[in-house]
Every structure is written in C-alpha cells, then in structure tokens.
Amino acid sequence: MISEYRRLPNWARFALANLLIGTVLGWLCAAVVLVFDINGIGSLVMGAPYWGLALPAMVFFFGKTFGVGYLTTAILMLPTPESEFDPA
C-alpha cells in the first residue's frame, strides 16, 4: 500500500494527505459535539428513533465538510511566484 502511495504524482499525494487530515479533524469535532452534548445535539442524535442512521450521517458529513475545507485551504495557501501574482 505504501509503495502504491509513493507512485502517485505529488499533487495527488498532497490532495489525499490534506483530505485525510481534514476528515479526521471533522470526525474529532463530531465526537466532541456528541460527547459534550453541545446545544443538545448529542442527546438529539442519540435519542432519535433512527440513531443508527443519524450518527453515521452526522459523522460522514462532518468529515466530508472538514476534509474538503482543509484541502481547499491548503490549496489556497500554496506559494505563488511573484511573476504570476496579479493583485489587480
């Protein structure tokens, strides 16, 4: 698996690494929201009749949102040569 990862182009490794970091951060934030019952969301999700559907949906969308947000931020923070920078 590691050797296959090394064969990927640099841009793909950059995207996968940043997407994974953001997804894990999203999962951690979802866990914090559930454990500390922020604004009653934890008790709402766990008390729902279909909590087996609500919990994975919440974790999935937190991970997806944070992952794409982290990747987008990483791409926007890539250095740009001054010759290509146009402030106007």
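A residue counts as buried when its relative accessible area is under 20%. By this cut-off, 17% of the 88 residues of the chain are buried. The structure is a predicted model. The accessible surface of the chain comes to about 6,900 Å². Carbon and sulfur atoms account for 73% of that surface.

The chain has 4 helices and 0 strands. Read from the N terminus, its elements run α-α-α-α. Contacts that span long stretches of sequence are well represented. Among contacts between residues at least 6 apart in sequence, 66% join residues at least 24 apart.

Helix H4 (51-76) offers a starting point for the details. H4 has 26 residues. From its first C-alpha to its last, H4 reaches 37 Å, close to the 38 Å expected at 1.5 Å a residue. Five residue names describe its buried side: Met-58, Gly-63, Gly-67, Leu-71 and Ala-74 are buried in H4. The buried residues of H4 pack against H2 and against helix H3 (41-46).

Gly-67 illustrates the packing against H2. Gly-67 lies in helix H4. Its relative accessibility is 0%, so Gly-67 counts as buried. Neighbours within four places in sequence aside, Gly-67 is in contact with Asn-18, Leu-19, Gly-22 and Thr-23. A further pairing involves Gly-26. The C-alpha atoms of Gly-67 and Gly-26 are separated by 6.9 Å, although the two residues are 41 residues apart along the chain.

Asn-18 gives the view from the other helix. Asn-18 is found in helix H2. The relative accessible area of Asn-18 is 11%, and this residue is therefore buried. With neighbours within four places in sequence left aside, Asn-18 is in contact with Gly-67, Tyr-70, Leu-71 and Ala-74. Among these partners, Gly-67, Leu-71 and Ala-74 are buried residues of H4.

Val-45 represents H3. Val-45 is placed in helix H3. Its relative accessible area is 11%, so Val-45 is buried. Residues up to four places away in sequence are not counted here: Val-45 touches Leu-34, Trp-51, Ala-54, Leu-55 and Met-58. Of these, Met-58 is one of the buried residues of H4. The C-alpha atoms of Val-45 and Leu-55 are separated by 6.4 Å. Along the chain, Val-45 and Leu-55 are 10 residues apart.

The aromatic residues were examined next. The structure holds 2 aromatic pairs. Phe-60 and Phe-61 form an edge-to-face pair, with 5.0 Å from centre to centre and 75 degrees between the planes. Phe-60 has 48% relative accessibility and so counts as partly exposed. Phe-61, at 47% relative accessibility, also counts as partly exposed. The rings of Phe-62 and Phe-66 are stacked, because their planes are at 10 degrees, with the ring centres 6.1 Å apart. The cut-off for stacking is planes under 30 degrees apart. Phe-62 and Phe-66 both lie in helix H4, 4 residues apart, which is about one turn of the helix. An α-helix has 3.6 residues a turn, so residues three or four places apart point the same way. Phe-62 has a relative accessible area of 24% and is therefore partly exposed. Phe-66 counts as partly exposed because its relative accessibility is 34%.

Phe-66 also belongs to a feature of the surface. A nonpolar patch of about 710 Å² is made by Leu-20, Ile-21, Val-24, Leu-25, Trp-27, Leu-28, Phe-66 and Tyr-70. The elements that give two or more residues to this patch are helix H2 (10-35) and helix H4 (51-76). H2 supplies the largest share, 6 residues. Residues of a patch must have over 30% relative accessible area. Phe-66, at 34%, is partly exposed. Tyr-70 appears twice in this account: Tyr-70 is part of the nonpolar patch, and Tyr-70 is in contact with Asn-18.

Helices H2 and H4 thus come together in two settings. The buried residues of H4 pack against H2, and also against H3. On the surface, H2 and H4 each give two or more residues to the nonpolar patch.

Terms used. Residues numbered from 1 in each chain as written. Predicted model: local features only at pLDDT ≥ 70, side-chain atom pairs only at ≥ 80, totals over all residues. Heavy atoms only, no water. Patch = residues over 30% accessible without salt bridge, like charges linked within 9 Å, V, L, I, M, F, W, Y side chains within 5 Å. Areas by Shrake-Rupley, 256 points an atom, 1.4 Å probe, with all protein chains shown as cover. Salt bridge = Lys/Arg side-chain N within 4 Å of Asp/Glu carboxyl O. Buried < 20%, exposed > 50% of the residue type's maximum accessible area, 1.4 Å probe, protein only. Contact = heavy atoms within 4.5 Å. Expected span 1.5 Å × (residues − 1). Phe/Tyr/Trp six-rings, centres within 6.5 Å; stacked < 30°, edge-to-face > 60°.
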